[in-house]
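Here are some notes for a colleague who has the structure open, set out as numbered points to be read alongside it.

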Amino acid sequence: MKTIWLSVIALCILGFSCSTDPSKIQEPQEDSIYFPSINSDEWETVSPTDLKWDQTKLQPLLDYLELKNTKSFIILYNGKIAVEAYFNEHSSTSPWYWASAGKTLTSTVVGIAEDDGLLNINNKVSDYLGTGWTTAPLEKENLITCKNLLSMDSGLDDSMGDNVSPENLRYIADAGTRWAYHNVYVKLQDVVAEASDQSWNTYFNSSLKNKIGMSGTWLPLDDLSVYWSNTRSMARFGLMKYAKGKWENTQIVSENYINDATNTSQNINESYGYLWWLNGKSSYHLPQTQLKFNGSLIPNAPADMFAALGKNDQKIYIVPSKKLVVIRMGEAADATNFGLSDFDNTLWSKINALTN
């Protein structure tokens, strides 16, 4: 009997030794990114309390948003909805316009088309649209690449309004030498259409919208093409960008392109990528001015944040370091703004109070 008990003890010791072998202990795995189904409106949530956020700061944030003419607001944490609120008779199914935040949709689809081998952003625009798409002298027009349109440094006159007919696309400086916020970027939609031999809408829907379960549509507004969708569709797009271009196991747009798009794209405006605004840089330029402003774009926001910013404070903020995607839709928070306003900085002070 004694021999049997000694054998049992020995086996237990051996078993314990094996189970605690440092080489076999698995490190805790980081939570994977959550993606909602592309065929369902269901979306998993996580409570601010479970995230150890300061729950007492949530209502002041929501009160501020309502005061500032917000219609909808979402915070995703690693893909799950942590905060979702609707104001002023808006609902989860109500469509709203993205304004210039939708420029990032065009940027993304250009990247997909390049991944598909349909175009090269370093090629000149006239390779796809033919010559004469501007009134610039031919040798100057031929300097303008697709990348210049993505980076807003085409050198075309930005004082002619949003109409992009040739007579309004006038030479003012060589491409790459002057940054100016300009609706000429929309010619990239024509480039994609020509390169893919499809309409812009058809290629957009098949390559991006349908693959991540977005709703919405492009609608003409004066001389603009504006995307409209519900708020969760904007959140789906932001989530795909946060996930480095993936949706579940499908790479929608290459990680290399995402990286290029969300870093400084030219040597004039540090805070601008491929139609994305970048935080945490040493200086920035704003629309409708050639002035250089020192400091970070949104000082209260995390330095690694990149953002889609649209007229009347349409916002997609993406913060990889904090696993956050933040969406705001609504009317203008302040009397005047160009897509970036004082609202951004105050809003981030309140988001920080909740999440830090």
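1. Helices, of at least four residues, and strands, of at least two, are DSSP runs numbered from the N terminus, and the element names below follow that scheme. The model is a predicted one, which should be kept in mind throughout.

2. A point on backbone geometry comes first. Most residues other than glycine have a negative phi. A99, however, has a positive phi near 50° without being a glycine, and A99 sits in the loop that leads from β3 to α3 (103-115).

3. The strand that precedes this loop belongs to an open sheet of three strands, ordered β3-β5-β4, in which the pairing is antiparallel. Its edges are formed by β3 (96-97) and β4 (217-221), each of which pairs on one side only. Between β3 and β5 (residues 224-229), which run antiparallel, there are two bridges, and W96 is placed opposite S229 of β5.

4. Two strands of this sheet also meet helix α7 (residues 187-196), which is mostly covered, with eight of its ten residues buried. Those buried residues are K187, L188, Q189, V191, V192, A193, A195 and S196, and they pack against β4 and β5 as well as against the helices α3, α4 (126-129), α6 (146-151) and α8 (200-212). Directly after α7 comes D197, with a positive phi near 60°.

5. Another positive phi, of about 65°, is found at D313, which is likewise not a glycine. D313 lies in the loop between β11 (306-310) and β12 (314-319). Is D313 buried or exposed? With a relative accessibility of 0%, D313 counts as buried, because the cut-off for that class is under 20%.

6. The second largest pocket deserves a look of its own, and its volume is about 380 Å³. Two elements, α9 (231-242) and α10 (255-261), each give two or more residues to its lining. The largest share, three residues, comes from α10.

7. In total, 19 residues line the second largest pocket, and those that lie nearest its centre are K244, N259, T262, F306 and P320. How is this lining divided by class into nonpolar, polar and charged residues? There are nine nonpolar residues, four polar ones and six charged ones in the lining of the second largest pocket.

Conventions
Residues numbered from 1 in each chain as written. Predicted model: local features only at pLDDT ≥ 70, side-chain atom pairs only at ≥ 80, totals over all residues. Heavy atoms only, no water. Pairing = 2+ DSSP bridges. Buried < 20%, exposed > 50% of the residue type's maximum accessible area, 1.4 Å probe, protein only. 1 Å grid on protein atoms, 1.4 Å probe; cavity = no way out; pocket = protein on both sides within 12 Å on 5 of 7 lines; lining within 4 Å. Points joined across faces, edges and corners; volume = space filled by probe spheres on them. Nonpolar A, V, L, I, M, F, W, Y, C, P; charged D, E, K, R; others polar. Contact = heavy atoms within 4.5 Å.
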